[in-house]
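Me: Could you walk me through the aromatic rings in this protein and how they pair up? I'd like the reasoning as well as the answers.

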Amino acid sequence: MTRQQPQNPYGQTGQPSPSHQPNPYPPNQANQPSQPSQYGGPSYQGNPPQQSHPYPQYTNSTNPRQNPYPQQQYPYAQQSNPYAQSGARPNNPPASHVPANPRPAPSQYYYTQPVRKKRGLSGGGIAAIVISVVLIPILLFIAVTAGFAAMANKAFNDAAQQAQSQAEQQQQTQPKVTYITMKDRPSYQETYQYVNGKYEQYSQEALTDLQGFMDKYRIPITDDGGKYVTDFIAVLGKYSNNLKLIGDTIGVDADEMDDIIASYKTDTDTVEAHFKKGEPLEVQITLKGTNGDTYTVDGQNSVELKPLWADLEPKIASAANNMGSNYAESAQKIVELAGLQVNWDFNAGKQYCTKSSSNNPDMQALEDKETFAYYCPVTPNVIYANANASGWDTDYAPAAAIRHELAHHAIHMYCGTIQPPVVVQNGVNRFEGVTSSYAIKYLGADAKWLKQSAQYAAQNHHEQYLMDDFTDKAAEAIHRGECEAIQ
């Protein structure tokens with residue numbers, strides 16, 4: 001059951017039925033005033049241009065295509081044997097031992113002396129000893145060198161095996177990296193539907209009926225108001241487009257991804273809250289179209305919202321019926337006090353709305369000559385007046401007829417339609433009688449005039465304007481924001 005705030009009154013499709021206020025005077029008894037000049041309402045031609053959104057894709061610092069484990073390098077490089085000498089090792093020849101000549105050369109001056117026989121090792125024995133003395137260290141050096149080489153090779157092999165074992169152990173103990181795609185996170189689809197849904201909701205409302213959209217959210221119909229609406233929808237489009245683009249982003253930190261996704265919903269709710277208060281959006285973006293044109297949102301613009309309908313009703317109820325120089329002008333000023341306008345072109349609204357029809361022979365629609373004024377839900381800020389109808393030169397115009405039409409607007413604001421379920425009694429649609437009851441209770445309408453008008457209409461097979469206890473209770477429920485059928 002809807003309460004307090006009016007539902008969306010601008011989502012009407014097709015051809016809604018207007019509300020008609022019957023003329024309490026027979027057509028042949030009318031005092032015919034001169035027709036006032038037509039009063040036209042401004043229209044705002046500010047449909048926001050469609051912009052492309054070339055937003056850059058969100059990138060993640062982690063490149064999943066790179067191997068997270070660089071190739072391990074063994075800490076010990078292949079080395080040559082530090083103890084091996086380069087080239088062929090030269091043989092260490094035994095030192096030469098040349099024995100002394102046993103006798104001097106014969107001299108021509110001396111006679112030869114007999115040879116003195118010596119004792120000890122011969123030259124061959126000495127050579128063998130020398131060779132042995134030299135060869136043994138060499139063999140010992142070779143043995144020692146070979147031992148060191150074997151030890152070095154063993155140390156190298158042991159180190160290589162140890163390094164490989166450590167690398168394998170590190171790969172086994174280190175956690176395996178798992179790559180995550182943003183759109184696979186549990187919250188992604190729900191968040192995208194929420195953010196994109198907000199964008200589609202507001203953009204479609206504005207494109208369908210920009211003036212109605214601005215009225216619904218109480219945005220002033222000015223150039224500043226139009227830009228404010230365009231900025232708001234552009235920001236929502238940016239959020240939706242960016243969230244879609246980052247869906248294929250790959251990363252490794254699930255918590256970080258979830259935080260990024262959640263931020264889009266938070267930002268959407270924040271900018272929507274600013275918009276509904278007319279506050280600066282506090283978002284700076286520049287959009288570039290395919291033709292190179294740019295549109296900038298600086299986020300600093302604000303607007304003064306029009307007052308709520310609930311705040312206007314007491315002012316309308318207390319408004320005097322002689323605000324103008326005549327009754328017709330007074331009626332128009334009351335309409336303007338409500339933030340609406342009077343269009344004196346009676347047929348102008350017929351391109352949007354058709355007359356209500358009923359199968360009940362006692363609830364026939366009014367003919368044009370019987371209609372004093374009517375309200376069309378498709379153009380909620382306008383009341384169409386029949387300047388040729390009887391009664392514009394009497395108190396009936398501001399005191400009853402025009403307030404009845406304002407009551408249609410009030411019900412529209414609260415329930416989103418002028419014929420909510422609460423007005424149906426036992427299958428009979430009594431929205432006209434409920435509207436008159438509402439005008440009397442909450443908009444200061446003259447009860448005597450409206451009852452007289454309803455009785456005159458009923459005599460001409462228009463019983464839908466009659467009021468009773470049911471219509472009063474239905475009007476009270478609507479004012480509380482309760483638009484569903486009364487149980």
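Here are a few questions on the aromatic pairs, followed by one on the chain as a whole.

Me: How many aromatic pairs are there?
Reply: Keep in mind that this is a predicted model. Rings of Phe, Tyr and Trp pair if their centres lie within 6.5 Å. By that rule the count comes to 17 aromatic pairs.

Me: Are the planes of Y202 and F232 stacked or edge-to-face?
Reply: The centres of Y202 and F232 are 4.9 Å apart, with 80° between the planes. Planes over 60 degrees apart count as edge-to-face, so the Y202 and F232 pair is edge-to-face.

Me: Which helices does that pair tie together?
Reply: Both Y202 and F232 are buried. The two residues are 30 apart in sequence, so the pair ties together separate parts of the chain: helix α2 (residues 188-208), which holds Y202, and, for F232, helix α4 (residues 223-245).

Me: What about Y374 and Y384: stacked or edge-to-face?
Reply: Both Y374 and Y384 are buried, with Y374 in strand β7 and Y384 in strand β8. Their ring centres lie 5.2 Å apart and their planes are at 20°. Planes under 30 degrees apart count as stacked, so this pair is stacked.

Me: Which residue lies over the face of Y194?
Reply: Here the partner is a lysine, at 4.4 Å from the ring centre of Y194. That residue is K265.

Me: And what percentage of the residues count as buried?
Reply: The protein chain has eleven helices and ten strands. Buried means under 20% relative accessible area. Of the 487 residues, the share that counts as buried is 39%.

Conventions:
Residues are numbered from 1 along each chain as its sequence is written. This is a predicted model: local features need pLDDT of at least 70, side-chain atom pairs count only at pLDDT 80 or more; totals for chains, interfaces and linings use all residues. Side-chain values use heavy atoms; hydrogens and water are left out. Rings of Phe, Tyr and Trp (its six-membered ring) pair if their centres lie within 6.5 Å; planes under 30 degrees apart count as stacked, over 60 as edge-to-face and the rest as tilted. Helices (H or I, at least four residues) and strands (E, at least two) are DSSP runs, numbered from the N terminus. Buried means under 20% relative accessible area, exposed over 50%, partly exposed in between (1.4 Å probe, protein chains only). A charge sits over a ring if NZ of Lys or CZ of Arg is within 6 Å of the ring centre and within 35 degrees of the ring normal.
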